[in-house]
Amino acid sequence: MPSDRTGRRRRARAGTWSAVTALALAVAGLAAAPASAADVNNARNAGFESGLANWTCTAASGTTVSSPVHSGSSALKATPAGQDNAQCTQSVAVKPNSTYTLSGWVQGGYTYLGVTGTGTTDVSTWTPDTASWKQLSTTFTTGGSTTSVTVYTHGWYGQAAYYADDISVYGPDGGGGDPAPTVPAAPAGLTVAGTTSSSVSLSWSAVSGATGYNVYRNGAKVTAVTGTSATVTGLAASTSYSFQVTASNSAGESAKSGTVTATTAATGGGGGGGGGGSLPKHAVTGYWQNFNNGAKVQKISDVPAAYDIIAVAFADATTTPGAVSFSLDSAGLGGYTADQFKADIKAKQAAGKKVVISIGGQNGTVSVSDSASAANFANSVYSLMQTYGFDGVDIDLENGLNATYMTQALRSLASKAGSSLIITMAPQTIDMQSTSNSYFQTALNIKDILTVVNMQYYNSGSMLGCDGKVYSQGSVDFLTALACIQLEGGLAPSQVGLGLPASTSGAGSGYVSPTVVNNALDCLSKGTGCGTFKPSKTYPDLRGAMTWSTNWDASSGNAWSNAVGAHVHAMP
């Protein structure tokens, strides 16, 4: 979560506003030229459906991901590091003395799209951080002897990862582009990933060449998606339904898959739009450190009553894909035994508190990337719940997650644990800039069983607010304008919390005083205490706040929980 085992999270990326501003002046005003009827896309593997085939990326900066994608099932993700700007290139066959339109869809950090070797004037275009897919486009003309050019994407030094998809070089056929698409095959592996009283979650295997999928319920199309999972909502309780899926692309739609049936549950689970059991309307979450990193060592019994949810940090990855384990650091915690730990959890629960096991942290790499690892995740977390008495799980995977299979894993866990299951999430700011991001997608996919998302408003660079303006961390505006994205992006107010460090020692950057946290809570819930950003409406059901960590809080005399905890619990 907010800290690795040395007590520091990675520092925020450095800004380079003056450099990119200069570049903006150099490329401003470039416009796309319309394509002729005979034009083709000369780029190969333009949508990264075949991984990085035909593309070359610097160092280990580039990979393909299943989310977010602009279309199809894959997109490029490239991460700048040090002096590497995460450039990915492709040599594209072209015709001499011809005009081409270069375009692509991008998202995330600063992203550049350009071409070299044109034989005339090499061109490029760029965009700063963008929370949703944005098209970049420019034109170039080849020289009299030019038969190939190099197309590239890259980010900017020290900035966040960028995503790119559907790169095109439209113009006369240079003879090297991909062949025309064919109708994709019918999807295989359709399974029911989970059910509630009003929804059924489905997943299936990706189909080569598909750019989208259609979901059919009882023979009628009910939704279309670009990924390999979907949740069909608005269903009647205790009712059986049949489902099929087709794959599609520009060439047409496949035959329907095999049929699966699912029966919805008799009653719904959780309140306020998701799971939560007997949690108060407004709640405070704190991470408890299962290690000694200089913060005050605590037992669970030492955690102040101001904390309603205690997230035990962290579970550990195992050699089994997707599976996790947990071992109490008795030596580092002054001889705290497993039996004492379990008894303290029971005592907290008797006092109305919830204790969950947190998965991830900066150094915690747990990969849930297929159905097998999703099952391993659900089974291992449920085993820990039974062994230690945990009320649920916290998802704090800072090295990325697969929305399809994490959704599958959490729904499987919910089917085992029941409606009292607590599910919390602690994404970084970049993870929640757009509903197409995998973290945001996962939260929306499990909205009916999700308790709260406590985004980390620290160790972050500048980010976009829901008004499209850029905000820097460390202010009321940063908290409120970014929370607005989640509140307006589909999460219930009761599923949104503000995550901040308990002290300056709890994070590399982004600490704000409890007063700033309380002002942000008031701005969002009551419309008072705002900075320059004022939400268009108030959210009285806002869940509350989170901190890393109860240990760093204790090191500062519990100043954070005394101030923020009291404020949260006094919210109407």
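**Exercise 1. Find the volume of the largest cavity and the residues that line it.**

Solution. The largest cavity of this predicted model has a volume of about 30 Å³. With a cut-off of 30 Å³ or more, the count comes to one cavity. The next step is to read off the lining, which is made by Ala193, Ser201, Leu202, Ser203, Ser229, Ala230, Thr231, Thr404, Thr407 and Gln408. Among the elements of the chain, β13, β16 and α4 are those that give two or more residues to this lining. Sorting the lining residues by character then gives three nonpolar, seven polar and no charged residues.

**Exercise 2. Work out the order of the strands in the sheet that holds β13 and β16, and state which strands stand at its edges.**

Solution. Begin with the order, which is β12-β13-β16 in an open sheet of three strands with antiparallel pairing. Because β12 (191-195) and β16 (229-232) each have a single partner strand, they stand at the edges, and one side of each is left without a neighbour in the sheet. From one strand to the next, the twist averages 25 degrees. Turning to the pairing itself, strand β13 (residues 200-203) is joined to β16 by four bridges, and the two run antiparallel. Within this pairing, Ser201 has Thr231 of β16 as its bridge partner, and both Ser201 and Thr231 also appear in the lining of the largest cavity. Finally, helix α4 (residues 403-417) lies across β12, β13 and β16, running at about 55 degrees to β12.

**Exercise 3. Describe the sheet that contains β7 and β10, going from the strand order to a single pair of residues.**

Solution. Five strands form this open sheet, in the order β2-β5-β10-β7-β8 and with antiparallel pairing. The strands at its edges are β2 (56-57) and β8 (123-127), each of which has a single partner strand, so one side of each is left without a neighbour in the sheet. Inside the order, strand β7 (residues 111-116) pairs with strand β10 (residues 148-154) in the antiparallel sense, over five bridges. At the level of residues, Gly114 stands opposite Tyr152 in β10.

**Exercise 4. Explain why the aromatic pair of Phe291 and Trp548 ties together parts that are far along the chain from one another, 257 residues apart in sequence.**

Solution. The count of aromatic pairs comes to 22. One of them is formed by Phe291 and Trp548, which are stacked, with 6.4 Å centre to centre and 25 degrees between the planes. Phe291 lies in the loop between β20 (283-289) and β21 (309-317), whereas Trp548 lies in strand β30 (residues 544-548), so the pair ties together parts that are 257 residues apart in sequence.

Note on methods. Residues numbered from 1 in each chain as written. Predicted model: local features only at pLDDT ≥ 70, side-chain atom pairs only at ≥ 80, totals over all residues. Heavy atoms only, no water. Pairing = 2+ DSSP bridges. Axes fitted to C-alpha atoms, helices over the stretch in contact; angles between N-to-C directions. Contact = heavy atoms within 4.5 Å. 1 Å grid on protein atoms, 1.4 Å probe; cavity = no way out; pocket = protein on both sides within 12 Å on 5 of 7 lines; lining within 4 Å. Points joined across faces, edges and corners; volume = space filled by probe spheres on them. Nonpolar A, V, L, I, M, F, W, Y, C, P; charged D, E, K, R; others polar. Phe/Tyr/Trp six-rings, centres within 6.5 Å; stacked < 30°, edge-to-face > 60°.
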